[in-house]
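Here are my notes on the structure you sent, set out as numbered points. I begin with the ligand and its surroundings and then turn to the sheet.

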Amino acid sequence: MIGVGLIGTGFMGKCHALAWTTVRTVFGDVQEIRLAHLGEANDELAAKRAKEFGFAKSSGDWRKVIADPDVHVVSITTPNKFHREMAVAALEAGKHVWCEKPMAPRFEDAEAMAAAARKSGRVAVLGYNYIQGPAIRHIRNLLDEGTIGTVNHVRLEMDEDFLADPDAPFQQRHEAVNGYGALDDFGVHPLSLLRVLLGRIKSVVCEQAKPYPTRETPQGPRPVEVYDIATALFRLESGVTGALAISRSAWGRKGRLQIQIFGSKGSIVFDQERFNELQLFVTSDRPSEQGFRTILMSGLHEPFGRFHPGAGHGLGFNELKVIECHELLRKIAGEPAHVIDFDEGLEIERTVHALARSSDERRWVDVR
Ligand SMILES: NC(=O)c1ccc[n+]([C@@H]2O[C@H](COP(=O)([O-])OP(=O)(O)OC[C@H]3O[C@@H](n4cnc5c(N)ncnc54)[C@H](O)[C@@H]3O)[C@@H](O)[C@H]2O)c1
């Protein structure tokens, strides 16, 4: 039996709660799960959510969740600025941690989190759910098998439009206290894909942009403190070159996370907006029939079949979190697991800060 503590119940908090509720039904091979203690910003909201989500206890003080002996693993789904304090406290109390990405706004905070994880000997995993997609795992297999030959170039884009409206008011996402903006808000997701598919970045050059430098508040216009757009070139440790473009102001894009990988014998294209499929082009096809083919995810693409056998019926975003939760439990059980832990996450943070430094100093920067 493993007792779960959940801190935060917004977008990601509900997603974690669904994962904890579902993971045993889907995978069967994990220990029994007890929804032990839910924490929110105040007692009233915590009690309401605990009732809805099925948690035994609730508290308006997250420290009580961490101190609870019934809690063995803590899901941290609060805004970035809280991650360090909550994760370090949970690890020091001997709990495993499942913390949402990114680690923290400042590199020194991320370093403190990784150090606390190492010292505690507990499992500390980040919410990089997109690496869990069956298509991403299949791309990994295709690369390992040499299906597209030797990789020579990679391009990544991540675009959404929740900050595209120039007339939208100033909000918390525009404050520097939560980081640089697009880079650590969601640039980290394409970086997580790069990390599991093609390895580490060696050097970067980046330009950040602020399409709307002020936003309205009831007191008048307020300067936007962060960047909504970043465009970068990079070189991997393997020597492969690539490009990364991200925007939170890209009208019409809702969850586009595209990766294109070009090799000596073919190409692979994937887009998170259509994450139940991938596109493959191989030069081994007869030239008269060459072209990108669409491969639908199915029971042949682990772990799709754990949910249902129907290719064409698809998985959803919340199911990526169920897979991530299963990997976390495998790691806690001492089994090999496909996760980004705090040490791996620190490498992503290192890249984010190198990108921001490059943008500030207007030059190429080595990540290490
Ligand atoms: N993995 C992903 O795909 C993904 C997607 C969106 C957000 N995120 C990350 O998840 C985190 C949360 O984002 P969100 O979109 O769920 O935010 P949200 O605003 O929807 O939810 C945050 C929750 O934290 C609660 N909270 C705030 N302060 C608290 C406190 N002191 N104690 C307890 N609870 C507190 C809020 O009441 C709210 O329920 C961020 O780090 C974000 O980067 C990850």
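1. In this predicted model, a polar backbone atom of threonine 78 lies 3.4 Å from an oxygen atom of the ligand. Phenylalanine 11 also offers a polar backbone atom, and here the separation from an oxygen atom of the ligand is 3.0 Å. For histidine 189 the contact comes from the side chain instead, where an N or O atom is 3.5 Å from an oxygen atom of the ligand.

2. How much of the ligand's accessible area does the protein cover? On its own the ligand has 850 Å² of accessible area, and the protein covers 78% of this. As to where the ligand is placed, it sits in the largest pocket.

3. Which elements give two or more residues to the shell around the ligand? They are α1, spanning residues 11-27, α4, spanning 83-92, and α9, spanning 317-332. When you inspect the site, please note that 24 residues surround the ligand, and that Met12, Glu40, Asn80, Lys101 and Asn129 come nearest. Sorted by class, the shell is made up of 10 nonpolar residues, 10 polar residues and four charged ones.

4. Turning to the sheet, the model has an open one of nine strands with mixed pairing, and the strands follow the order β16-β15-β14-β13-β7-β12-β11-β8-β17. Its edge strands are β16 (293-296) and β17 (365-366), each of which pairs on one side only. As background to the points that follow, strands of a sheet pair through backbone hydrogen bonds, in either a parallel or an antiparallel sense.

5. Strand β14, residues 266-271, pairs with strand β15, residues 277-282, in the antiparallel sense, and four bridges connect them. To locate this pairing in the viewer, you could look for glycine 266, which stands opposite valine 282 in β15.

6. What does strand β8 pair with, and over how many bridges? Strand β8 (residues 201-209) runs antiparallel to strand β11 (residues 229-236), and the two pair over eight bridges. Within this pairing, glutamate 207 stands opposite threonine 231 in β11.

7. Strand β8 is also joined to β17 by two bridges, and these strands again run antiparallel. Serine 203 has aspartate 366 in β17 as its bridge partner, and β17 is an edge strand of the sheet.

Conventions. Residues are numbered from 1 along each chain as its sequence is written. This is a predicted model: local features need pLDDT of at least 70, side-chain atom pairs count only at pLDDT 80 or more; totals for chains, interfaces and linings use all residues. Side-chain values use heavy atoms; hydrogens and water are left out. A residue is near a molecule or strand if one of its heavy atoms lies within 4 Å of it. A polar contact is a pair of N or O atoms within 3.5 Å; within protein, one must be able to donate a hydrogen and the other to accept it, and residues adjacent in sequence count only if both atoms are side-chain atoms. Accessible areas come from the Shrake-Rupley method with a 1.4 Å probe; for residues, only the protein chains shown count as cover. On a 1 Å grid over the protein atoms alone, a cavity is a set of points where a 1.4 Å probe fits but cannot get out, and a pocket is an open set with protein on both sides within 12 Å along at least five of seven lines; lining residues have an atom within 4 Å of a point. A molecule sits in a cavity or pocket if more than half of its atoms lie within 2 Å of its grid points. Ala, Val, Leu, Ile, Met, Phe, Trp, Tyr, Cys and Pro count as nonpolar, Asp, Glu, Lys and Arg as charged, and the others, Gly among them, as polar. Two strands pair if DSSP finds at least two bridges between them.
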